[in-house]
Amino acid sequence: MVKKEMIAMLLAGGQGSRLGVLTEKVAKPAVAFGGKYRIIDFPLSNCINSGVDTVGVLTQYQPLRLNSHIGIGIPWDLDKNVGGVSVLPPYEKSANSEWYTGTANAILQNMAYMDSFNPDYVLILSGDHIYKMDYEVMLDYHKANKADLTVACMPVPIEEASRFGVMIADETGRITDFEEKPEHPRSNLASMGIYIFSWKILKDSLLTLKNQPNLDFGKHILPYCRDNGKRLFAYEFNGYWKDVGTLGSYWEANMELIDIIPEFNLYEEFWKIYTKGDIIRPQYISESASVDRCIIGEGAEIYGSVSNSVIGMGVEIGEGTVIRDSIIMSHTRIGAGCVINKGIIAENVEIGNNVEIGVGEEAPNVYKPAVYGWGLATIGEKTVIPDGVKVGKNTCISGVTTAEDYPDGILQGGGAILKKEDGE
Amino acid sequence: MRAIGIILAGGNSSRMGALSDKRAVAAMPVAGAYRSIDFSLSNMTNSHIQKVAVLTQYNARSLNEHLMSSKWWNFGRKQGGLYVFTPTVTAESSWWYRGTADAIYQNLKWLKESHEPYVVITSGDGIYKLDYNKVLEYHISKRADITIVCTECPEADCSRFGVLKLNEDNRVEEFEEKPMVTSSNIISTGIYVIRRRLLIEMVERCAQENRHDLVQDIFIRYKNLKRIYGYRFDEYWNNIATVDSFYRTNMDFLKPDVRKYFFGDSWGIYSKIDDLPPAKYNPGSMVKNSLISSGCIINGKVENSVLFKDVFVGNNCVIKNSIILNNVYLGDNTHIENCIVESNDTIRANSYHSGEDGIKVVVEKNERYAI
């Protein structure tokens, strides 16, 4: 009989709409991060580094990039004879076929997958955080407390606690209550969205609540467990953990990697982060280039000047171009004589010569003011930007644009150009 | 596929000096992120040759580590695979490989049990990109017994190569191994195509006669009896088995056209994946005309150089016209010029190394985390 002590279920189906054009064509966990990684690499690497070798990845929104990235799990050593990684999309059933309608609903729909491994514990993860964590230590904590459910929590400044789900725990760590985004938080223990369930408890709760619409862990499963006297514990985590849910926090987390000794250090031998890289050749820094305070991925060809930036694999930057405070993702090509300030430029973008990005004053975005802020200019994947145009701050561009899309040669601060591809 | 592959990677070269003290020539790091053998292996896999034997002997461990998993080159399939053969003691033989022909003879079973009609034989120290199918087609069209891929010598002195003279039909008229005086600048690249049955027959006969070398005892000895043809290859080719050619070949990759030739199309060069983070440039770094590999952390000045993976360059360092191999630590204020720094070296702060007349090979083993 197949038996795994703990299996992981990784929720990777969300769009992450607050990342704007970055998640227009890919699910948030597949968004590039840190020059060569994708966000999902962090939980997947944590799994294998923690000895969790059976991972179900639940996909729904735009799964193509995720599917091809994960494949059979070779980069994470998750290609196993028994277990390994399995991509679990929603599927048609003889009755009640539905999409994944909530976090717990997605897990409920994969009961057969979990059952097939006879686990003692199930680890629930989400695919949108940057952190290194040993889930085995958390499991030890769970066992020592004879817990039914352990929630990983992070102490945050009390004034920020109202942005999170907050756990109220006694001195033994036992959770007595919790509240979702409270106005006046009673605790500073923010839930990280990482749970270890004893399998029986998870199965019981899911089956009992199976008719609940949009079945959700925070809204339904946790209250159910609390109200039925289950043993809930808070596992305090004090390492680096970053939610990259908004363009602002995504940009900031990338910028933190270039500190001299970054708080989140990718250069430690211990606890490697694995990814599927399609380029292994070295990068070339030319005679005319200058690079200072930045990280640059494999195969990049730099002829311009780059400072305070994160540059992905295979990026080409032309002569005389100046890049500052920006994120340029893999395979993007930037012409000569450009100036880019505070840009987030997704993969496979083509930018012509003498383009200026991040000019002028900030203005609220006309399209989605809550999404496009922080003075950033965000360019979606496969966008084309013609020669000589200027782009303001708090802007977004996606699709193949031509000079006509830029009245007077400029996209003013707060502007948006969103072009559809054929077939959309 | 109609052919299987053999990569002869057993050799040492005294011309490599200290660089081959700890590794086989075929395991020499090349172009920042590769090993020499990756080029032949990638050519094999890109030419759809699915079954490849690597014959290793000298410092075989270095190669075995690199070839530990065959998946990076897309081998390790149910059909075919990557076979690493080091000499073993058997009931019949307790010899080392006494030469290239002997190396094949000692693994004749593998050759006999294959069913593909042809064999492509290459060496592990050539840096090139070649579709072996083209050579095979040529071989068949010429109705050759043996085809030798040859090229114009990339070095001024070709006396370390096999030198060939071809007639107007490209049939080999003369073939001299490492001649004292060279009469031609056409050299063998060490890449051969031959029918499998013929190879078995010749290697067996060779063994009976107590001869062991593929070139001397088969190709040269039989050059008038067998139809041996030269396949003219005029694209990039270099052999890295001397310190100078190793240095020159690595420096070639600073040229955009060389990088474009090797990396600009779908003919991938594959290597073992090391899972290193992107290169990091800290304040004070100044890099000009250099190749920098993943995992490097740069705090100083780097010019006209190739840095392999995981190199740490301290504050105020100056690196010029040099090759720094994998996982080297350069302490602050170090000056390196015209050097090849051996992998895993730790260079103390304030060191000075400069190759005055020629390239200096720096081997320095210090405690990395000494206080």
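A cavity here is a set of grid points where a 1.4 Å probe fits but cannot get out, and its lining residues have an atom within 4 Å of a point. The structure is a predicted model.

**Cavities**

By this rule there are five cavities of 30 Å³ or more. The largest cavity holds about 150 Å³ of space. Its lining is made up of 16 residues, and those nearest the centre are A:Lys36, A:Ile280, A:Glu298, B:Ile273 and B:Asp275. Sorted by class, this lining has seven nonpolar, three polar and six charged residues.

**Interface of chain A and chain B**

In chain A, 39 residues are in contact with 38 residues of chain B. The two chains bury about 2900 Å² between them, and 54% of that area is on carbon and sulfur atoms. A:Tyr267, A:Ile280 and A:Pro282 supply 23% of the area that chain A buries against chain B, more than any other three residues. A:Ile280 is also among the residues nearest the centre of the largest cavity.

One salt bridge crosses the interface. It pairs A:Glu301 with B:Arg259, with 2.8 Å between the closest N and O atoms. Polar contacts across the interface involve 20 residue pairs, with both residues at pLDDT 80 or more. On the side of chain A that touches chain B, β14 (283–285) and β15 (290–296) each supply at least two residues. The most comes from β15(A), with six residues.

The table sets out the class counts for the two groups of residues.

| Group | Nonpolar | Polar | Charged |
|---|---|---|---|
| Lining of the largest cavity | seven residues | three residues | six residues |
| Side of chain A that touches chain B | 20 residues | seven residues | twelve residues |

Definitions and conventions: Residues numbered from 1 in each chain as written. Chains lettered and ligands numbered in written order. Predicted model: local features only at pLDDT ≥ 70, side-chain atom pairs only at ≥ 80, totals over all residues. Heavy atoms only, no water. 1 Å grid on protein atoms, 1.4 Å probe; cavity = no way out; pocket = protein on both sides within 12 Å on 5 of 7 lines; lining within 4 Å. Points joined across faces, edges and corners; volume = space filled by probe spheres on them. Nonpolar A, V, L, I, M, F, W, Y, C, P; charged D, E, K, R; others polar. Contact = heavy atoms within 4.5 Å. Buried area = accessible area lost by both parts, 1.4 Å probe. Salt bridge = Lys/Arg side-chain N within 4 Å of Asp/Glu carboxyl O. Polar contact = N/O pair within 3.5 Å; in protein donor to acceptor, adjacent residues only side chain to side chain. Helix = DSSP H or I, 4+ residues; strand = E, 2+ residues; numbered from the N terminus.
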